[in-house]
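Please look through the sequence and the 3D structure shown here before reading on. The report goes from the whole chain to single residues and their partners.

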Amino acid sequence: MTLEELTKVHPDYEAFLPEWMFYIRSYLGGKWYRDGDYLLKHPFESDDNYKRRKEIAYFYNYCAPIVDIFTSYLTRKQPQRSYGNLSAQVVPPRQPLTLFDAFWWDCDLENTNFEQFMRDAQRYANIYGRVSIMVDKPALFALTKAQAKEQGIRPYVYIITPENILDWEYTRLVSGQPVLSMVKIRESEDIYRIWSRTGWESWRVSTEGKERSAVKTGEGLHDLGEIPMVNLYNKKSGIRMIGVSDLQDIADINKNIYYFCSDAKEIIENTAFPMLAMPYDKGGQNEIQEVGPKNILQFDPELPNSIPQWLEPPSGSLAEIREWIQQDIQEIRHAAKIGWLRNSQDSVQPWSGVALEVLGDQLFALLIEKATNSEQAELDIFRLFAKWEGEVFTGNVEYPRDFAIKDLTISLQNAMSAGTARINSLTFEKERQKKIVSAVIPDMEEVQRETIFKEIEELQALPTPPANP
């Protein structure tokens, strides 16, 4: 393989790489965002002033909270999992009895349990639109499963973000199903691994000699019949290996706020420190070199009223900038389908009931799609784990479909209001009280919850409630 072939990238990779980097920098903020050169230089602005303005710029990060909110909604309730012959328990014991038990509590060989790993993977999927999860196994041999358990020889997983998957190919089986037939991964600087449906090869870029060259450093075979990589999509775009990020529109609006904050800071500084205007010496060497907010403005001494003076820039645009920032914040919440979370102080007019219902439905549909994609990713991970071990996965994964979209006070208000309704049903009253208990004390110990629910179930029939006054 030539160096050109090794470093070749997929056309979609080249097209979407700037967006991927923009999304991850928008999530991380801080130095990562400043180093992204997202602050535009004003026309006629000096290089020194632009560099200084860039160094002191600050980024109000609205992207990270939105990604984290979506992740928390999706993972607030744990999915129902069963593992078939891999493990008999829903939550495997910390003292592992099987190789899968050990995998559950340390799935990436870095002491990360599987639930935390999936939360991290979902977070990255929300940011990039899609992340890949490799299900690999050490190239070691064990005679028995006991020996494999003792030596820690088992499959493990790790996340590959899109900017590190440089190239890929799909092929169609006889059945017409498209399958991934090649994927090229950049593991580190000048280190590459190429997977196929039958094995893998590792390569590096050699700098020995006068020219750079591609050197194969290892290879291996497997009998999986497929590349052991799982794609976790946030939302599918219709293009293979390309997903839709939650920050697709939000990051651009947040960047606009970044611009406005820099402009506002510049206006405030210039207002606090006026610019000096003074006549220049026509016979001297101090004629004007550069005009800017940080320089002395010089003018012809023969003009009328040619006396030194301080010039203060207008500050009226600050109010308009503040209005634009507030508007952008509202647009971010609206684009994120969480407009109903805004503070009542942000707007004079509250949301109507119909608007709240529409936004709630949109967010619910978004979370349903995320849950469906996460289910499929987990099923594929467990299937590949079993395949590495020569077994067939017979378990199941089912994510919850009831998400905590409304805020706690709204849920409680609905439950309390239901108590005043004239519904003479003991079953309804029991379920209403259980809902209130779960909402008020969500972190309750399971033993206490069972005790309270048992007491609620022992309630006697209620008398007919009187008419509301």
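What follows is a description of a predicted model, beginning with overall figures and moving on to selected side chains.

## The protein as a whole

The secondary structure of this predicted model comes to 14 helices and 13 strands. The protein has 469 residues, and 41% of them count as buried. Its accessible surface comes to about 26900 Å², and carbon and sulfur atoms account for 53% of that area. If one takes the contacts between residues at least 6 apart in sequence, 62% of these contacts join residues at least 24 apart.

## Two side chains that reach the backbone

N254 is a useful place to begin a closer look. This residue is found in helix 9, which covers residues 250-272, and N254 counts as buried because its relative accessibility is 0%. What does the side chain of N254 have at 2.8 Å from one of its polar atoms? The backbone oxygen of Y60 lies at that distance, while the backbone nitrogen of Y62 lies 2.9 Å from a polar atom of the side chain of N254. When neighbours within four places in sequence are left aside, the residues in contact with N254 are F59, Y60, N61, Y62, C63 and I332.

W105, which has its place in helix 6, offers another example of a side chain reaching a backbone atom, for the side chain of W105 reaches the backbone oxygen of P92 at 2.8 Å. Apart from neighbours within four places in sequence, W105 is in contact with V91, P92, P93 and R94, and also with N111, T112 and N113. One of these contact partners, V91, is 14 residues from W105 along the chain, and the C-alpha atoms of W105 and V91 are separated by 9.6 Å.

## Aromatic rings

A pair of aromatic rings is described by the distance of the centres and the angle of the planes. The structure holds 23 aromatic pairs. Among them is the tilted pair of Y83 and F100, whose rings are 4.8 Å apart centre to centre, with 45 degrees between the planes. Y83 lies in the loop between strand 1 (80-82) and helix 6 (99-105), whereas F100 lies in helix 6 itself, so this pair ties together parts that are 17 residues apart in sequence. Y83 counts as buried because its relative accessibility is 2%, and F100 is likewise buried, with a relative accessible area of 1%.

The rings of F114 and F382 also form a pair, with centres 5.0 Å apart and planes at 40 degrees, so this pair is tilted as well. Because F114 lies in helix 7 (residues 114-128) and F382 in helix 11 (residues 353-388), the pair ties together parts that are 268 residues apart in sequence. Both F114 and F382 are buried. These residues also belong to a cluster, in which ring pairs link Y83, F100, F103, W104, F114, F382, F385 and F393.

Rings can also be described together with charged side chains. R193 lies over the face of W200, at 4.3 Å from the ring centre, and K255 lies over the face of F22, at 5.0 Å from the ring centre.

## Salt bridges

Side chains of opposite charge can pair when their charged atoms come close. How many salt bridges does the structure hold? There are 19 salt bridges in the structure, and the table gives some of them.

| Salt bridge | N to O distance |
|---|---|
| K41 and D47 | 2.2 Å |
| R123 and D120 | 3.0 Å |
| K216 and E219 | 3.6 Å |

In the pair of K41 and D47, K41 is partly exposed, with a relative accessible area of 40%, whereas D47 counts as exposed at 54% relative accessibility. R123 and D120 are separated by about one helical turn, because they are three residues apart in helix 7. R123 counts as partly exposed at 24% relative accessibility, and D120 counts as partly exposed at 22%. In the pair of K216 and E219, K216 is partly exposed, with a relative accessible area of 39%, while E219 counts as exposed at 55% relative accessibility.

Salt bridges can also be followed from residue to residue, as with E226, D380, R383 and K387, which are linked in a network of salt bridges.

Note on methods: Residues numbered from 1 in each chain as written. Predicted model: local features only at pLDDT ≥ 70, side-chain atom pairs only at ≥ 80, totals over all residues. Heavy atoms only, no water. Helix = DSSP H or I, 4+ residues; strand = E, 2+ residues; numbered from the N terminus. Buried < 20%, exposed > 50% of the residue type's maximum accessible area, 1.4 Å probe, protein only. Polar contact = N/O pair within 3.5 Å; in protein donor to acceptor, adjacent residues only side chain to side chain. Contact = heavy atoms within 4.5 Å. Phe/Tyr/Trp six-rings, centres within 6.5 Å; stacked < 30°, edge-to-face > 60°. Lys NZ or Arg CZ within 6 Å of the ring centre and 35° of its normal. Areas by Shrake-Rupley, 256 points an atom, 1.4 Å probe, with all protein chains shown as cover. Salt bridge = Lys/Arg side-chain N within 4 Å of Asp/Glu carboxyl O.
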